[in-house]
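Please open the structure in the viewer and display side chains as sticks. The tour below proceeds one selection at a time.

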Amino acid sequence: SHPFPKGSLVIIQFQSKIEKDEKPVTARGLVCWTRKWRRPRGMGIDFIEFEGLENTPAEEWFKKHFKQ
């Protein structure tokens, strides 16, 4: 509900939903757009770097660990 300003550097930690996978993935990104006045409020993040993925591509890791 309170997006960061466009151009802000953000660091986000993702924790897997898989029980045995306890190591989080850390992502760095830049806020590329924000929506403050219309609903839903939010922001878009252009991810720059991921740590903790080992050799797994980011898209594959997220599909595996965050199934809907």
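The stops that follow concern charged side-chain pairs and then one serine. The model is predicted, and the count of salt bridges in it comes to four.

**First stop: Lys 23 and Glu 54**

Select Lys 23 together with Glu 54. These two residues form a salt bridge, and the closest N and O atoms are 2.8 Å apart. The pair connects distant parts of the chain, with the two positions 31 residues apart in sequence numbering. Lys 23 sits in the loop between strand E1 (9–14) and strand E2 (25–35), whereas Glu 54 sits in the loop between strand E3 (42–51) and helix H1 (58–65).

Are these two side chains buried or exposed? Lys 23 has a relative accessibility of 45% and therefore counts as partly exposed. Glu 54, at 62%, counts as exposed, because the cut-off for that class is over 50%.

**Second stop: Arg 28 and Glu 49**

Move next to Arg 28 and add Glu 49 to the selection. A salt bridge joins them, with 2.9 Å between the closest N and O atoms. Glu 49 belongs to strand E3 and Arg 28 to strand E2, so this pair ties together parts of the chain that are 21 residues apart in sequence. Both residues are partly exposed: the relative accessible area is 36% for Glu 49 and 27% for Arg 28.

**Third stop: Arg 28 and Glu 51**

Keep Arg 28 selected and add Glu 51. The side chains of Arg 28 and Glu 51 also meet in a salt bridge, at 2.7 Å from N to O. Because Arg 28 lies in strand E2 and Glu 51 in strand E3, the pair ties together parts that are 23 residues apart in sequence. Glu 51 is partly exposed, with a relative accessibility of 37%.

With the three residues displayed together, which of them belong to a network of salt bridges? Arg 28, Glu 49 and Glu 51 are linked in such a network.

**Final stop: Ser 8**

Finally, select Ser 8, which is found in the segment before E1. Its relative accessible area is 17%; the residue is therefore classed as buried, the cut-off being under 20%.

Show the backbone of Pro 5 as well. The backbone oxygen of Pro 5 lies 2.7 Å from a polar atom of the Ser 8 side chain.

Which residues does Ser 8 touch, not counting those up to four places away in sequence? Select Gly 29, Leu 30 and Val 31 to display these contacts.

Note on methods
Residues are numbered from 1 along each chain as its sequence is written. This is a predicted model: local features need pLDDT of at least 70, side-chain atom pairs count only at pLDDT 80 or more; totals for chains, interfaces and linings use all residues. Side-chain values use heavy atoms; hydrogens and water are left out. Helices (H or I, at least four residues) and strands (E, at least two) are DSSP runs, numbered from the N terminus. Buried means under 20% relative accessible area, exposed over 50%, partly exposed in between (1.4 Å probe, protein chains only). A polar contact is a pair of N or O atoms within 3.5 Å; within protein, one must be able to donate a hydrogen and the other to accept it, and residues adjacent in sequence count only if both atoms are side-chain atoms. Contact means heavy atoms within 4.5 Å.
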